[in-house]
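Open the structure in your viewer and keep the selection panel at hand. Each stop below says what to select and what is there.

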Amino acid sequence: MTHDLIVIGAGPAGISTALTAASLGLKTVLLDEQPRAGGQIYRNVTVAPPKVTELLGPDYRYGRAMVERLERSGVDVRHAAVVWDVARDLSVTAMQAGRSFQLRAPQLIAATGAMERPSPIPGWTLPGVMNAGAAQIALKSAGSVPSGPVVLAGGGPLLLLVACQLLEAGATLEGIVETSPTGNRWRALPHLPAALGSPTALLKGLGFMRKLRSAGVPWFTGATELMVDGQEKAQALSFKAGGRAHSLKASVVLLHHGVVPNTQLTRLMRVEHDWDTAQVCWQPRVDAWGQTTLDGLRIAGDGASIGGALAAERSGVLAALGAAHAIGRLSLAERDARAQPAIKALKQQLHIRPFLDALYRPPEWINTPADDTMVCRCEEVTAGRVREMARLGCQGPNQTKFFSRCGMGPCQGRMCGATVSQILAKELGKPVAEIGAYRIRAPLKPVPMASLAALFDDNHENHPT
Amino acid sequence: MFRPIEPTGEKRTVALQVEGKSIVARAGDTLAIALLNAGVTPFRQTPVSGRPRAPLCLMGVCFDCLVEVDGQQNVQSCMLEVQEGMQVQLQHGARHMEGDV
């Protein structure tokens, strides 16, 4: 064992995990893929120029104190360290500066966060089509905005937030095209009373809408039949709304249909996952302390289920307390007592979730796209080809992968996995949970052979592999 | 495809070579955003059909920003910060296997 606890990912969940663990005296190491801590939500928060932090707003600037606390905490943080394998015995293999190394601890907390739900529509592989979150990342990490006309399409709080931020940053918004089916509003209504328990979040959402409307950004709702037009790059987004066909010119089309847990690492570790019908995504099965079905492996934050940055921060505290108790460093009574504020705050953060999940539930044609739509971007496999695999007798995503190469490219199924599971479920008339997901294998990210040759353990002894 | 919202000002710049042409980026930018700011598009052509691609996610999950950096192929340009003198080649089709394997 090299440490008491290994934490993967330095977003809000990972940072609060590491800080809590360190405060309990656990020898903790935090591995993060990026050059600076903060995750995607607080990306670059300590170094972004004032103009950028100003327009990204107080929710972004909030992260600064957290990252600074981490910097002062004395936690062993390894930046730009890519975790590419984790064994069932929890030994972690990562690569930093072209060298791979291994770490081992009795407790491992993955705070690997969320990714945007892929939005497979015709033309979504064209240059210029990006996730809405990508535009925000460009703003956070480089103060850059799209230089030509922009259209935002999809649904969810992030879509509106990014639209507001781009507007403020001087981008040209040609329109917002909401795809949430109109029936969503009725299905969201019963969850509204609970959502009123998170009034600040609701007011923020209303604020976004007011701002965009008063700026006169064309706004379409209940849009269907979205398609990005262009040959070599995006030129326009066409769609139907209000019974009419529309086309908005755009050199950058930003798509967004909510965020989902990034399950690549938990799939690699073969823990149990459940299909969540409300959030329409896979979730690793965890208890209140983030403990998965593999002893010692915990998940903190959006990697377990989507709750947002403030919820992730609290779940990190709970996972760290759980880990400290599991290795005998905290009594049950102490763990429970220390957990109370985090449990209360977490509950508060989650009030609005069922409302948002229902209101922004993606339309069926995003989850199971039409036949000619590309679902696997890497191997260029269409939804129709996946359906053909089902007709030929493929019973699940792995067979489908072997016969069609769907999910076999460099992204290792990150972009098509959930779509393929949902298409197959529908074709085979089975629940998604029964259809399952791609089996994920190491390396999680491509690593050069030379980095393996340099594989040392943390004591710098030659390792037999 | 992208542009910085404020002038480079006192921010340190670095020069890199893309397909033999010099571009200037700001220190701390990821390579993917530096390429987008410089108007480089597409980043690559796919191995399957040769269709053009550029980044989708900018956060390391889509693998559509793969480029060759200093001789190393299939590098996620969104996960790498620019360095002075970086030699970048765009990828046309599958990675090649010449010389070393």
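**Stop 1: a strand pair in chain A**

Select residues 5-8 of chain A, strand β1, and residues 107-110 of chain A, strand β7. The two run parallel, joined by four bridges. Now pick L5(A): its bridge partner in β7(A) is Q107(A). What you are looking at is a predicted model. Its scores are ipTM 0.95 and pTM 0.96.

**Stop 2: the whole sheet**

Widen the selection to the sheet around that pair. Which order do the strands take in this open sheet of chain A? Reading across, the order is β3-β2-β1-β7-β21, five strands with parallel pairing. Find the edges next: β3 (76-78) and β21 (297-299) of chain A each pair on one side only. Turn the view to follow the twist, which averages 20° from one strand to the next.

**Stop 3: a helix across the sheet**

Add residues 309-326 of chain A, helix α10. Helix α10 lies across β1, β7 and β21 of chain A. Against β7(A), the helix runs at about 170°.

**Stop 4: α1 and α3**

Select residues 12-23 of chain A for helix α1 and residues 58-73 of chain A for helix α3. Their axes are 10 Å apart, and the packing angle is about 40°. α1(A) and α3(A) are therefore oblique to each other. The crossing of α1(A) past α3(A) is left-handed.

Show the side chains. From α1(A) come P12(A), I15(A), A18(A), L19(A) and A22(A). They meet G63(A), M66(A), V67(A), R69(A), L70(A) and S73(A) in α3(A). Colour this contact by class and you get eight nonpolar residues, two polar and one charged.

**Stop 5: α14 and α16**

Move on to residues 383-391 of chain A, helix α14, and residues 417-428 of chain A, helix α16. Here the axes lie 9 Å apart, at an angle of about 45°. α14(A) and α16(A) are therefore oblique to each other. Is the crossing of α14(A) past α16(A) right-handed or left-handed? It is right-handed.

In α14(A), select A383(A), V386(A), R387(A) and A390(A). Opposite them in α16(A) are V420(A), I423(A), L424(A), E427(A) and L428(A). By class, this contact of α14(A) with α16(A) holds seven nonpolar and two charged residues, with no polar ones.

**Stop 6: where chain A touches chain B**

Show both chains. Chain A puts 41 residues into the contact, and chain B puts in 37. On the chain A side, β8 (114-116), β9 (129-131), α4 (132-142) and β10 (144-146) each supply at least two residues. The largest share of that side, six residues, comes from α4(A). By class, the chain A side has 20 nonpolar, 12 polar and nine charged residues.

Now zoom in on β10(A) and residues 2-4 of chain B, strand β1. These strands run antiparallel, joined by three bridges. Pick V145(A): its bridge partner in β1(B) is R3(B).

**Stop 7: a sheet in chain B**

Last, hide chain A. Chain B averages a pLDDT of 92, and 93% of its residues score at least 70. Look for the open sheet of three strands, in the order β5-β4-β9 of chain B, with mixed pairing. Its edge strands are β5 (52-53) and β9 (91-92) of chain B. Strand β4 (residues 44-45) of chain B pairs with β9(B) in the parallel sense, over two bridges. Finish on Q45(B), which stands opposite H92(B) in β9(B).

Conventions:
Residues are numbered from 1 along each chain as its sequence is written. Chains are lettered from A and ligands numbered from 1 in the order in which they are written. This is a predicted model: local features need pLDDT of at least 70, side-chain atom pairs count only at pLDDT 80 or more; totals for chains, interfaces and linings use all residues. Axes are lines fitted to C-alpha atoms, for helices over the stretch in contact, and angles run from 0 to 180 degrees between N-to-C directions. Angles under 35 degrees count as roughly parallel, over 145 as roughly antiparallel, 65 to 115 as roughly perpendicular and the rest as oblique. A crossing is left-handed if the near helix is turned anticlockwise from the far one by less than a right angle, and right-handed if clockwise. Two residues are in contact if their C-beta atoms, placed from the backbone, lie within 7 Å. Ala, Val, Leu, Ile, Met, Phe, Trp, Tyr, Cys and Pro count as nonpolar, Asp, Glu, Lys and Arg as charged, and the others, Gly among them, as polar. Two strands pair if DSSP finds at least two bridges between them. pLDDT is the predictor's confidence in each residue, from 0 to 100.
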